[in-house]
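User: Please examine the structure below and explain how its parts are arranged.

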Amino acid sequence: MFDRPAQHKDFGVFLPVANGGWIVSKATPVLDGLYAQNRAAAVAADRIGMDFVMSMGKFRGFGGETDHWGTSLESVTLMAAIAEATRRVRIWATVHPLLQNPAVAAKMVATLDHISGGRAGLNIVAGAYKAEFDQMSAWDDSLSHDDRYALAEEWTTIVKRLWAEDSVDFAGRYFTMKDCQSKPKPLSRPRPELICAGMSDRGFQFSVREADACFIGGRSRAGHRDASRRAKALAAALGKSVRVYAMCTIIHAESDAGAEARVRRYADGADIGAILSMLASWGVPADRLDATAKAQGPFMTETVIGSPATCRERVESFMTECELDGLMLIFPDYDEGLAMFGGEILPGLRAVFS
């Protein structure tokens, strides 16, 4: 499942699992974070031939006028339902090692793999935001940033072994397994795909070493390209390969001018309170919050803007310049965006990246 032709590029959808999606604005189309919209987006992605759909795990929002991400669905439960509603698209769910015992997580994802007929993947989120986890007594102040990744390494080792071995004994710093058993094994061969994102040095090393695909970010296309090259060089040094993905928001209209007008409207409606709260959770110092929020605006990812033809050209150049193996796409309106992408962009991209 992991090996695909070198030129093949994966195109997936970041499902709108939390209200507001990935544009922090009062002026965007309503994304409520509930099941009907997520199911519709996944079914549309499956119908037009996308490669994967992914949902994040989120347990606390950022407030503001929109209560951004205050409403969200649990990822694995959602993706089990999505698996029944789709036929071909790969199904990637998110689990936090800080919240789930590895034996429980291994069983959950194996179950998802059986429901989906071997299409399951696991997105591992080793990091955490203190406020989100502290609210449920799941934050341990004694664990440093690097400690959380060390915990995630033990956790991932156990999950992989439970998917492959009849019985697992493990004695680590964070977990102990005693004749631990987990059946049935996943249908996927050699196992469900593992996906991770981590941009700190420690997180980057964990992602490349443990995952089959890693998500990268950057403040510019040059930053994305440098991160992609760094990931692939590190993987080569470890004697493995890794696929490198990025996130991308597509804002389209019939004309470039119309798309730019939409962007201005979304920017004018930016939910500053939610943006400030989000940036603070990411660790931006208090004395830099206002300036950072102004510079970032409501958009959380690389953003492609224009007519369908312009967006296709810009998506292609983004992937080529940044040496990416795939994109996870975001839309202000998933019904409209996926219909346009499937009809006017994806066929051309498949012709180029085949």
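User: Which residues of helix α2 (residues 75–85) are buried, and why do they line one face of the helix?
Analyst: This is a predicted model in which local features need pLDDT of at least 70 and side-chain atom pairs pLDDT 80 or more, while totals for chains, interfaces and linings use all residues. Residues are numbered from 1 along each chain as its sequence is written, and side-chain values use heavy atoms, without hydrogens and water. In α2, a DSSP run of H or I with at least four residues (strands: E, at least two; both numbered from the N terminus), the buried residues (under 20% relative accessible area; exposed over 50%, partly exposed in between; 1.4 Å probe, protein chains only) are Ser-75, Val-76, Leu-78, Met-79, Ile-82, Ala-83 and Ala-85. They line one face because, seen down the helix axis, the directions to their C-beta atoms fall within an arc of 165°.

User: What covers the buried residues of α2?
Analyst: On the other side of α2, Thr-77 and Glu-84 are exposed. By contact (heavy atoms within 4.5 Å), the cover of the buried residues includes α1 (35–48), β2 (52–54), β3 (90–95) and α3 (102–116).

User: Is Asn-123 buried or exposed?
Analyst: Asn-123 belongs to strand β4 (residues 120–124). Beyond its neighbours within four places in sequence, Asn-123 is in contact with Met-54, Ala-93, Thr-94, Val-95, Ile-195 and Cys-196. Its relative accessibility is 7%, so Asn-123 counts as buried.

User: How far apart in space are Glu-65 and His-114?
Analyst: Glu-65 sits in the loop between β2 and α2. Glu-65 and His-114 are 49 residues apart in sequence, and their C-alpha to C-alpha distance is 41 Å.
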